[in-house]
Amino acid sequence: MTMPRRLLVDAAPLRTSPAFRRYWIGSGLSAIGTQMTLFAVTYQVFTLTGSSLAVGAVGLCSAVPAIALGMLAGSIGDAVDRRKLVLVTSAVLAVVSGLFAVQAFLDLRQLWLLYVLTVVEALVVSINVPARRTFTPRLLPAALLPAGAALNMMTMHLSNTVGPLLAGLVAAVGGLKACYLIDAISFGAALYGVFRLPPMPPEGTLAKPGMKAVVAAVGFIGGSSVLTGAVLADLFAMVLGAPFALFPAVNAALFGGGPETLGLLNAAPAIGGVLGSALSGPVGHVSRQGRAMLLAGVGWAVTLIGFGVSTALWLSVALLVVGGACDVISVVFRTTMLQVATPDRYRSRIGAAEYVVGFGGSQLGNFRAGAIASLTTPGLSAVIGGLSTIAGAVLLWRKLPGFAAYRAPSADE
């Protein structure tokens, strides 16, 4: 018995656009390498210090540049050929990965160097990612953007699952230096995929990089109920609901505190993301995308509430898997709406806003979850996060009816 074809992720973008196909494959391979470096940095910092605080500082080294400079960096992508910008920044990221490998081969054991390289990497990524997000709407017609977004999300979650698992095996055989080296080499695939793209200059009037361009982008978001709703819905889900900081405490309190169960909890949302992406075929046929995004966010929140009251490992993992699937569906709708509703001349800056909210918001949400857990319990923190996320979705539904009522343009529009 075969699975209904419409249930599976729509692979039409890979069939119809060779350029998108090359870019998608190259980006996916490089993303696995990036996750290997993230694993290696975290593990190396912990082996040097034995401190969870020192490991947490790695996240701050990534989050602060993204939040502080993300929008300003995004304005660069609306002023130059984005293909050239991504080629340059990807080459720089490959060099940074090479430097990570060099310090590991030389066994320098310098904590400050790991932090500095992480900050440099985060700064370059803040320029690279928003520019990359402009590629898909230039390579695919509007009708295929939901499918393209689902395919991009699938590679992200696959890399989040495969990368750490592969890094653990590679590190056990060849050490952390092998993880760094594989990441540096993997950038070759990403560079090839981008190199084969056509030129990608912004369409329309070029924006001069700087705060004026940032203010103009914020004003553009504020002037559209669709863009405002999409950004706020994601911000609420992440800031009010992100549960990842709770996993170690929940694991220690309920499931024995072993690394195997902690790894399972951490992997569960990414597994759900892979499944949600792979079974996203019906997403392309949903017309009321704003309402669907809010409902997917409520689904994410309900799984958080269930996770907060669960005392069984199998149920907690299952809830996180379902939550990850709801989250990826929400992100697919958000990405599609932002890409369709944004003129090309703004796309890098809007992509930067999406990156800052998604990445920075999750870091703030983890801090919120940990702070509430320290005052109450980890389970209650998860329940409060879920209830707050539902309240945020209801607020958006009532205050931004244009967002909830938004209809995706049909294929012939």
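**Exercise 1. Two helices side by side**

Helix 4 and helix 5 are roughly antiparallel to each other; work out which crossing angle lies behind this label, and which residues make the contact.

*Solution.* Keep in mind as you go that this is a predicted model.

Step 1: Find the two elements. Helix 4 covers residues 82-105, and helix 5 covers residues 111-132.

Step 2: Look at the axes. They come within 9 Å and cross at roughly 160 degrees. Angles over 145 degrees count as roughly antiparallel, so helix 4 and helix 5 get that label. Their crossing is left-handed.

Step 3: List the residues in contact. Helix 4 brings Arg82, Leu85, Val86, Thr89, Ser90, Val92, Leu93, Val96, Leu99, Phe100 and Gln103. From helix 5 come Leu113, Leu114, Leu117, Thr118, Val120, Glu121, Val124, Val125, Ile127, Asn128, Ala131 and Arg132.

Step 4: Sort them by class. The contact of helix 4 with helix 5 has 15 nonpolar, five polar and three charged residues.

**Exercise 2. A serine in helix 5**

Decide whether serine 126 is buried or exposed, then describe its surroundings.

*Solution.* Step 1: Place the residue. Serine 126 sits in helix 5.

Step 2: Check its accessibility. The relative value is 1%, and buried means under 20%, so serine 126 counts as buried.

Step 3: Look for a polar partner. A polar atom of the serine 126 side chain lies 2.9 Å from the backbone oxygen of alanine 122.

Step 4: Search beyond the local sequence. Setting aside neighbours within four places, serine 126 is in contact with Pro65, Ala66, Gly70, Ala73 and Tyr355.

**Exercise 3. A second helix pair**

Find how helix 9 and helix 10 are oriented relative to each other, and which residues join them.

*Solution.* Step 1: Take the geometry. Helix 9 (residues 211-222) and helix 10 (residues 225-241) pack with axes 6 Å apart, at an angle of about 100 degrees. The range for roughly perpendicular is 65 to 115 degrees, which makes helix 9 roughly perpendicular to helix 10.

Step 2: Name the contact residues. Phe220, Ile221 and Gly222 of helix 9 meet Leu227, Thr228 and Val231 of helix 10.

Step 3: Classify them. There are four nonpolar, two polar and no charged residues in the contact of helix 9 with helix 10.

**Exercise 4. Sequence versus space**

Determine how far isoleucine 271 is from leucine 158, in sequence and in space.

*Solution.* Step 1: Locate isoleucine 271 in helix 12 (residues 259-278). With 33% relative accessibility, isoleucine 271 counts as partly exposed.

Step 2: Compare the separations. Isoleucine 271 and leucine 158 are 113 residues apart in sequence, while their C-alpha atoms are 7.7 Å apart.

Methods: Residues numbered from 1 in each chain as written. Predicted model: local features only at pLDDT ≥ 70, side-chain atom pairs only at ≥ 80, totals over all residues. Heavy atoms only, no water. Helix = DSSP H or I, 4+ residues; strand = E, 2+ residues; numbered from the N terminus. Buried < 20%, exposed > 50% of the residue type's maximum accessible area, 1.4 Å probe, protein only. Polar contact = N/O pair within 3.5 Å; in protein donor to acceptor, adjacent residues only side chain to side chain. Contact = heavy atoms within 4.5 Å. Axes fitted to C-alpha atoms, helices over the stretch in contact; angles between N-to-C directions. Parallel < 35°, antiparallel > 145°, perpendicular 65-115°, else oblique. Left-handed = near helix turned anticlockwise from the far one by under 90°. Nonpolar A, V, L, I, M, F, W, Y, C, P; charged D, E, K, R; others polar.
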